[in-house]
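Q: Could you take a close look at the ligand site in this one and walk me through what surrounds the ligand?

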Amino acid sequence: MADLYATISEVDQNVQERLADVLEMRAADVQQLEMLESYLSEIDFPNESRVLEIGSGTGGVTRTLARWPGVSEAVGIDPSPVFISKARELGSAVPNLTFEHGDGRSLPFNDQSFDVVVIHTTMCHVPDPEELVSEAYRVLRPNGCLAVFDGDYATATIAKGDFDPLEACIHAFRDSFVHDQWLVRRLPVLVQSCGFDVKPMRSHGYMEAGKGSYMLTWIDRGADVLVQTGSMVKEKADALKSEARRRSDTNNWFGHIAFASILAIKPEKHCYLDQYIK
Ligand SMILES: C[S@@+](CC[C@H](N)C(=O)[O-])C[C@H]1O[C@@H](n2cnc3c(N)ncnc32)[C@H](O)[C@@H]1O
């Protein structure tokens, strides 16, 4: 099955609404928030910064950006009308926050109109991610900063030993919810090839030990995919979901996702040449 997020605007409205709930659950997760704040703290936000999040979903990250010191305006863009309407509803009390409907590969914004662009757990879902990075480059001001954060999903695991049957759900989840589970490993080269000066990539560990939370949704969604693709009967998929709940209820759950962040600067020298290249 193809990555649902990659073709989100064609996905059934009910499914988009369920995904919106998962995005908000993840946005409220303390470890996820700590990882976000950790890499945002490394960015030198100029005073009165105008900031863009590409692939803003229901707006959890963009809401944090709107409140970040130095930020005067935060804009989120996403191709899902369901996510955008939820993001507008949840962000209605934040005055310097707006959301636009659109594709990150052809942004409806002027050249050099943002100080910082953030792409948070979105790039691995987008075919042709070079187009996202090139658009980020175009809309950034000289010396502007691009921040990309994504999962090294190829190594995500809930296994407690070899041949753990629950791991099949993780594999099925990755196949249908992640376009490129290896993206992080080529991120520095990809970003550099679009003209950026790249800083060293950083690792962030996300662990669920004892009780499960966000990764239980991976089990449910992966088990559903196994049934939909005819790889497993529903009774067995239900048994896997119950086993995951049993581990969590008895404090025996384990799950880990390695995330990575990278910061990149749009160099002034390239901006001078841009006018001749266009
Ligand atoms: C896992 S969600 C992350 C949402 C948000 N950044 C967050 O962390 O809560 C991935 C997002 O990428 C968006 N997306 C998919 N294709 C896209 C594209 N071509 N341009 C911009 N966003 C895209 C999806 O609609 C979805 O909201």
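A: Sure, and keep in mind that this is a predicted model. The ligand has 20 residues around it, and those that come nearest are E53, G55, D78, G104 and H120. Sorted by class, that shell has 8 polar, 7 nonpolar and 5 charged residues.

Now for the polar contacts. The side chain of E53 puts an N or O atom 2.7 Å from a nitrogen atom of the ligand. With H120 it's the backbone that takes part: one of its polar backbone atoms is 2.9 Å from a ligand nitrogen. T121 uses its side chain, where a polar atom lies 3.3 Å from an oxygen atom of the ligand. As for burial, the ligand taken alone exposes 590 Å², and the protein buries 97% of that. The space the ligand takes up is the largest pocket.

One more thing, if you're browsing the rest of the model: the structure holds 14 aromatic pairs. Among them are Y137 and F196, whose ring centres are 5.3 Å apart with the planes at 90 degrees, so this pair counts as edge-to-face. It links distant parts of the chain, as the two residues are 59 apart. Y137 belongs to helix 5 (residues 129–139), while F196 is in the loop between helix 7 (187–193) and strand 6 (197–198).

Notes. Residues numbered from 1 in each chain as written. Predicted model: local features only at pLDDT ≥ 70, side-chain atom pairs only at ≥ 80, totals over all residues. Heavy atoms only, no water. Near = heavy atom within 4 Å. Polar contact = N/O pair within 3.5 Å; in protein donor to acceptor, adjacent residues only side chain to side chain. Areas by Shrake-Rupley, 256 points an atom, 1.4 Å probe, with all protein chains shown as cover. 1 Å grid on protein atoms, 1.4 Å probe; cavity = no way out; pocket = protein on both sides within 12 Å on 5 of 7 lines; lining within 4 Å. Sits in = over half its atoms within 2 Å of the grid points. Nonpolar A, V, L, I, M, F, W, Y, C, P; charged D, E, K, R; others polar. Phe/Tyr/Trp six-rings, centres within 6.5 Å; stacked < 30°, edge-to-face > 60°. Helix = DSSP H or I, 4+ residues; strand = E, 2+ residues; numbered from the N terminus.
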